[in-house]
Amino acid sequence: MVRADDGEQGGAGADHHGRERRYESRHRIQMIDYTMMGKPLKEAQGEIVYSASFLEWFAEEARRIYGDVIPASAKDRRVLVLKQPVGVAAIITPWNFPSAMITRKVGAALAAGCTVVVKPAEDTPLSALALGELANQAGIPAGVYNVVPCSRQQTAAVGEVLCTDPLVSKISFTGSTATGKILLKHAAGTVKRVSMELGGHAPFIVFDSADVDRAVAGALASKYRNSGQTCVCTNRFLVQKGIHDEFVEKFAKAIKKELHVGNGFDAKTTQGPLINEKAVEKVEKHIKDAVSQGASIVTGGKRHSLGKNFFEPTLLSNVTTKMLCTQEETFGPLAPVIKFETEAEAVAIANAANVGLAGYFYSQDPAQIWRVAEQLEVGMVGVNEGIISSVECPFGGVKESGLGREGSKYGIDEYLEIKYVCIGGL
């Protein structure tokens, strides 16, 4: 298991300069991860702040792990409920948020009193190591926060060991549904506690009553953040017939005006490259399939002139539910728009997926807001909002999008066991 060194030792001046050098080193290490996965500098800086917020939140929540005293049915008994740490927690994280996905899990685990073994994504392992250095500087004892980086070839084997080793009591994984199912099978052998934050296929519904300009702004943020490479990114746009043409026209104009593909260190850049060639090929496959079935490319549709893994932000219209882009999670900068007529039709299309992580809809009809928010089969709903993730709120899905919740006051419960104590003879 890997930990970062404590750095240089010495007097106050030496310690100051040592800490400065260590900070610069850690910052450079994290920037390598973000450069590798294509996140623009502004987004990367935002993630670091977001990451820190989970540590702050769970440090405060650690003081609120309350048990219970239950009135007993017998006079000579006292009944207590204690909450205790589950034990060693294995944390398996993805590449798209190499810092925040760690702190959202590790912050809760440490607050609950667990030790952790972090297996970061093979594409972005350096942020986990940088956090190890910060753990040292913060005074976290050796062996509490551990990192096990590994190659792509060894990922499956390391994941299996973490899920089957009897010393590990808890698995927390963020990634694809397919991989999550494999890990669940491994964890079942020793009946481990599991948290699974798996694939999404988020619908974004725009009803006739919506504020179209606000819906376009929300669509832009929800779809193209991190070049469409987040599990809560919108994957299917459902727009009601009455405002469909207006929405598509304004959305296309916003894409051309607001989104800029380029070097991640350029302040104007909003869209970096996709993670790898395979990701680009999937976007191309979805576009080709849609166009072959009658979809129209409104804007974008091909690799960007910068080459390699850069892809143009793309908008498709005349999309149907038979197309791959509405059946699979694209995980790229592709926005397919489906026209619908009735509320019931939109909800049925949204709920047809076997996953249910996030869902969004825009409406100014109060009754409709309540109906649709309750009917959508997802773990998180954004109503007139395109970005909903927040440290205070429970993050997680239903159906094949996973098990458990992260963040919020509920997130710490994933790392706690409930023990009932009955004291008799009093």
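This passage describes the central sheet and the nonpolar cores of a predicted model. Local features were taken at pLDDT of at least 70 and side-chain atom pairs only at pLDDT 80 or more, whereas totals for chains, interfaces and linings use all residues. Residues are numbered from 1 along each chain as its sequence is written, and side-chain values use heavy atoms, without hydrogens and water.

An open sheet of 7 strands, with mixed pairing, has the order 10-11-12-9-8-14-15. Strands (E, at least two residues) and helices (H or I, at least four) are DSSP runs numbered from the N terminus; two strands pair if DSSP finds at least two bridges between them. Strand 10 (296-299) and strand 15 (380-383) form the edges, each pairing on one side only. From one strand to the next, the twist averages 25°. Strand 11 (residues 314-317) runs parallel to strand 12 and is joined to it by 3 bridges; Leu 316 stands opposite Pro 336 of strand 12.

Helix 10 lies across strand 8 (202-206), strand 9 (234-240) and strand 12, at about 170° to strand 9. Angles run from 0 to 180 degrees between N-to-C directions, with axes fitted to C-alpha atoms, for helices over the stretch in contact (heavy atoms within 4.5 Å).

The largest nonpolar core (buried Ala, Val, Leu, Ile, Met, Phe, Trp, Tyr and Cys residues joined through side-chain atoms within 4.5 Å) has 32 residues. Buried denotes under 20% relative accessible area (1.4 Å probe, protein chains only). Helix 9 gives the largest share of this core, 5 residues. Leu 238 is among the residues with the most contacts inside this core; beyond four places in sequence, the contacts of Leu 238 include Ile 205, Ile 338 and Ile 349.

Conventions:
Buried means under 20% relative accessible area, exposed over 50%, partly exposed in between (1.4 Å probe, protein chains only).
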